[in-house]
There are 2 protein chains.
Amino acid sequence: MAFPEDYSGRVREINEQLMHSFDVIQDKNLKGAMAHYPAAGGKRLRPLLATIASEAVGGKPNSAMPFGIALEMVHNFTLVHDDVMDEDDTRRGIKTVHAAYGIPEAILSGDALFARAFEVALDSKAKDSDLVRLVETLARSVRLLAEGQQMDMDFETAKTVTSDQYMKMIELKTAVLYQAAAQGGAICGGASKAQEDALAEYGRLMGLGFQIWDDVLDLLSDQETFGKPVLNDIRNGKKTLIVIQALEDLKGPERAELLSTLGNEKATKEELVRARDILDEVGAIDHATKVADGLIKQAKEKLSVLKDSNHKTALIAFADFMVKRKT
Amino acid sequence: MAFPEDYSGRVREINEQLMHSFDVIQDKNLKGAMAHYPAAGGKRLRPLLATIASEAVGGKPNSAMPFGIALEMVHNFTLVHDDVMDEDDTRRGIKTVHAAYGIPEAILSGDALFARAFEVALDSKAKDSDLVRLVETLARSVRLLAEGQQMDMDFETAKTVTSDQYMKMIELKTAVLYQAAAQGGAICGGASKAQEDALAEYGRLMGLGFQIWDDVLDLLSDQETFGKPVLNDIRNGKKTLIVIQALEDLKGPERAELLSTLGNEKATKEELVRARDILDEVGAIDHATKVADGLIKQAKEKLSVLKDSNHKTALIAFADFMVKRKT
């Protein structure tokens, strides 16, 4: 099956069940804040991954639906809290939760999303031992996400960040949830241990590729396509793999020029574009693209434990999509 | 057994295991922020309740230890986030987490405490079906806590709050965790359904009594004994049962005088004391004390399903302690 084209029906189903999960919330304000990002749409990559992984090991797609939706809620909860921490007022064209509802409400609704995610995961029709493993996966993922967010915050004031440190950070902050999606989906689908391990690794590798490609998109896309302001990472001085690589390779005036623009909130459009060109000319964007492609290739190789099926084909296309998408 | 006198050894054990639960956290800053409140000590009422409830139904105390510690972590996580929401800079004589570590760190460490709580709960040596119920209890409790915190926030701007609304709010914001402690402890101890239900209700009722007594202490204690500034609820205009009752009963100049001090951040010590005296003279403090006593009496009656034992005696003393404590 082709990804994501053939899954628009499933995305609708995910959206419906996701929005239904807020029905139990009594307070209108709390419910509104919790549903603010979920209602704004999204690609739903994590629930899609969980449900397709379940199918690929012989399970039904809906067996992994509650767990997938729980991951989507966790993802949204981290967005709500990250936006407060970063003091961002908009996210993909809409007000952030704290901009719309205030900081206390944003903190609280994030907490409630997180709590509700566990309840939704426990709605999975799985045997108790599998439920326990799903909840363990969820809890561990969020603990590691927090470590990743912490590393990301530490990077802001760090003098130097190495490629290894960057890879560790995106593993924790991004890849962990994709790993959880693929692994949890496998558990829900009744995977063998070998299948589960392979899918977990597939999810982790494609999550890494996803994030590196995201950093590339920030440089190469335009705001209209990307859905968020581009060249933002340069303005914010984010130490992406691209920047780390460029700073290792650059000498002389270009290095100085790049450093003067990185993290300069007042940088002009011209300066930002010039910094992007420097990153491009030194080969750092190309390097990152190759790293992302390599990770996706490795991810797909993990799928060799699976029997051929439409679902396996979809997982291959899913991995490719992570570094082909323009948004 | 006498409560809390006979449980100092267990409190030490709780503290030790609680602090050990942060060992897995890699980042020093994150770990420090997570441990900031736990390291400052506390009565550990929730883990004590869980472990004694387990014993009272024939279980071992340590069977409920992980769950009790998970509740303590959840309790601490809510304190960290509530303090950010309330912009409080101190808590019981120490800096709040955000005052010591910054707001982003406080939000993040609260999230990590919450995630870690689930992992710790899953360390319980219980059969899978019981683990599932423990996690369900934990997730549901936090979702309800968020609803309670939301109500409390809504009260700040509400023109009137009724006694019923107040009782609902403290049920969600306070009683839910005591209910979870007693019920979870019962599950860990292998309780019958009747015992589990009775203990859940016992926990809920004593949690309500605890909170109403807390409101009384704010008025009657002195800062040194109470461990936090007194008459704070009047300064903050908190709509406690005492205030609600007084505003229902008071007429004329006393009512106006009380209203002028309630929520007046610049109120002098004399004005605060005068407001306290008005609440006292109209019988509202006495009324609240009687309500709290009545709840504790009801809580103790729920214990009739338990066989007599030292542990049952301790649970009776525990309930009494909730409205006898000076701090």
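Two residues are said to be in contact when their C-beta atoms, placed from the backbone, lie within 7 Å, and the legends that follow describe close-up views of a predicted model.

**View 1. The surroundings of B:Ala35 in helix α2 of chain B.**
B:Ala35 is found in helix α2 of chain B, which covers residues 28–35, and, leaving aside residues up to four places away in sequence, B:Ala35 touches B:Met19 and B:Phe22. Because 19 C-beta neighbours lie inside 10 Å, B:Ala35 counts as partly exposed, given that 20 or more would be needed for a residue to be buried. The C-alpha atom of B:Ala35 is separated by 8.8 Å from that of B:Leu113, a residue 78 residues apart from B:Ala35 along the chain.

**View 2. The packing of helix α1 against helix α4 in chain B.**
Helix α1 (residues 8–20) and helix α4 (residues 65–86) of chain B pack with their axes 10 Å apart and at an angle of about 70°, and α1(B) and α4(B) are therefore roughly perpendicular to each other. On the side of α1(B) the contact is made by B:Ile14, B:Gln17 and B:Leu18, while α4(B) contributes B:Met65, B:Gly68, B:Ile69 and B:Glu72. Sorted by character, the residues of this contact divide into 4 nonpolar, 2 polar and 1 charged.

**View 3. The side of chain A that touches chain B.**
The contact between the chains takes 34 residues from chain A and 34 residues from chain B. On the side of chain A, the elements that give two or more residues are α2 (28–39), α4 (65–86), α6 (103–121) and α7 (128–157), and the largest share, 16 residues, comes from α7(A). The residues of this side of chain A divide into 19 nonpolar, 6 polar and 9 charged.

Key. Residues are numbered from 1 along each chain as its sequence is written. Chains are lettered from A and ligands numbered from 1 in the order in which they are written. This is a predicted model: local features need pLDDT of at least 70, side-chain atom pairs count only at pLDDT 80 or more; totals for chains, interfaces and linings use all residues. Helices (H or I, at least four residues) and strands (E, at least two) are DSSP runs, numbered from the N terminus. Ala, Val, Leu, Ile, Met, Phe, Trp, Tyr, Cys and Pro count as nonpolar, Asp, Glu, Lys and Arg as charged, and the others, Gly among them, as polar. A residue is buried if 20 or more other C-beta atoms lie within 10 Å of its own, exposed if 12 or fewer, and partly exposed in between; C-beta atoms are placed from the backbone. Axes are lines fitted to C-alpha atoms, for helices over the stretch in contact, and angles run from 0 to 180 degrees between N-to-C directions. Angles under 35 degrees count as roughly parallel, over 145 as roughly antiparallel, 65 to 115 as roughly perpendicular and the rest as oblique.
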